[in-house]
Amino acid sequence: MSHTLTVLWTIEPQAAPRPWLACRRCRGARPFECSGKTRLNANGRRLDAWLIYRCADCDDTWNRPIFERQNVRNIPPETLDALQNNDPGWVRQVSFDVEGLRRESGRIEEFADCRVTRRVLAEARDACTHLELVVHAPLAVSIRADRLLSAELGLSRSRLTRLEEEGRLTLQSGSRKALQRPIRDGLRVVLDLSKERDRDEIADRARGILLPA
Ligand SMILES: [Zn+2]
């Protein structure tokens, strides 16, 4: 008899990270935002591609290099197609690539706001005493695991820490202190609720049918 409710949480960040760069017009460091537009430049069979960013204050542009002087044969056709059509899905993927942005700027502003969509993978067949969360994060997100769990399950961070210390909250991501780290795709969270009197409410918040107070 299974006592475990398993829910898939898909986490999507709401705002793309902003690199801070020296703006020529503002004469100082300013945050730049993705314009959603790409630029492709051909020189013979060599291609350059950029994603265009704009200064948040004055609209001056910065061209973020995607690739430079690449032979057209080495570019995957779907990438070429996305670049030629400002494909919104492709642009979104690249604009959230915070590791790529770090190569261009020493200061990246990240936003923790995210939207969580839930899908029950397995209901508990008997009384629900355990909750398993499978976290899917297709884009990089900067929210810490404890903040996410606190906001979505309505549990204080001190209670989460206590549950972890008691061995009733485990994060299977292969690293210690995972509760204080940004969440990663594939993170699994297992919560033993057998001693929690409000376990039904916690389970309903995990399913998304009850909102945190
Ligand atoms: Zn500016």
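Modeller: Two strands pair if DSSP finds at least two bridges between them. Strand 1 and strand 8 run parallel, joined by seven bridges. Seven meets the rule of at least two, so this counts as a pair. Strands are DSSP runs of E, at least two residues; helices are runs of H or I, at least four; both are numbered from the N terminus. This is a predicted model: local features need pLDDT of at least 70, side-chain atom pairs count only at pLDDT 80 or more, and totals for chains, interfaces and linings use all residues. Residues are numbered from 1 along each chain as its sequence is written, and side-chain values use heavy atoms, with hydrogens and water left out.

Colleague: What is the mean pLDDT of the chain?

Modeller: The mean is 92, and 97% of the residues reach 70 or more. pLDDT is the predictor's confidence in each residue, from 0 to 100. Among the elements, strand 2 has the highest mean, 97, and strand 9 the lowest, 91.

Colleague: Which residues coordinate the zinc ion?

Modeller: C23, C26, C55 and C58 do, each through SG, at 2.3 to 2.4 Å. A donor is an N, O or S atom within 2.8 Å of the metal (3.2 Å for Na, K and Ca). The SG atoms at 2.3 to 2.4 Å therefore qualify. Water is not among the atoms, so sites may look incomplete.

Colleague: Why is the arrangement around the zinc ion called tetrahedral?

Modeller: The four donor atoms subtend angles of 99 to 114°. Four donors count as tetrahedral if all angles lie between 85 and 135 degrees. These angles fit, so the arrangement is tetrahedral.

Colleague: How are the donor residues spaced in sequence?

Modeller: The pattern is C-x2-C-x28-C-x2-C. C26 sits in the loop between strand 2 (18-23) and strand 3 (28-43), whereas C55 belongs to strand 4 (46-55), so this pair ties together parts 29 residues apart in sequence.

Colleague: Why is C55 called buried? And what is C26 called?

Modeller: Buried means under 20% relative accessible area, exposed over 50%, partly exposed in between (1.4 Å probe, protein chains only). C55 has 2%, so it is buried. C26 has 22%, so it is partly exposed.

Colleague: What makes T129 buried?

Modeller: Its relative accessible area is 15%, which falls under the buried limit. T129 lies in the loop between strand 7 (114-122) and strand 8 (130-136). Contact means heavy atoms within 4.5 Å. Leaving aside neighbours within four places in sequence, T129 contacts H3, L191, D192, L193, S194 and R199.

Colleague: What is the order of the strands in the open sheet?

Modeller: Five strands run in the order 7-1-8-10-9, with mixed pairing. Strand 7 and strand 9 (169-172) each have a single partner strand, so they stand at the edges, with one side lacking a neighbour in the sheet.

Colleague: In which sense does strand 1 pair with strand 7?

Modeller: Antiparallel, over eight bridges. E12 has R115 of strand 7 as its bridge partner. On the strand 8 side, T4 stands opposite H130. Strand 8 also pairs antiparallel with strand 10 (188-192), over five bridges, and there L131 stands opposite L191. Eight of the ten residues of strand 1 (4-13) are buried, so that strand is mostly covered.

Colleague: Why is helix 4 called largely enclosed?

Modeller: Seven of its nine residues (145-153) are buried, so the rest of the structure largely encloses helix 4. Among the buried residues are L148, L149 and L153. Just after helix 4, G154 takes a positive phi of about 70°.

Note on methods. Tetrahedral: all angles 85-135°; square planar, octahedral: opposite > 155°, others 65-115°.
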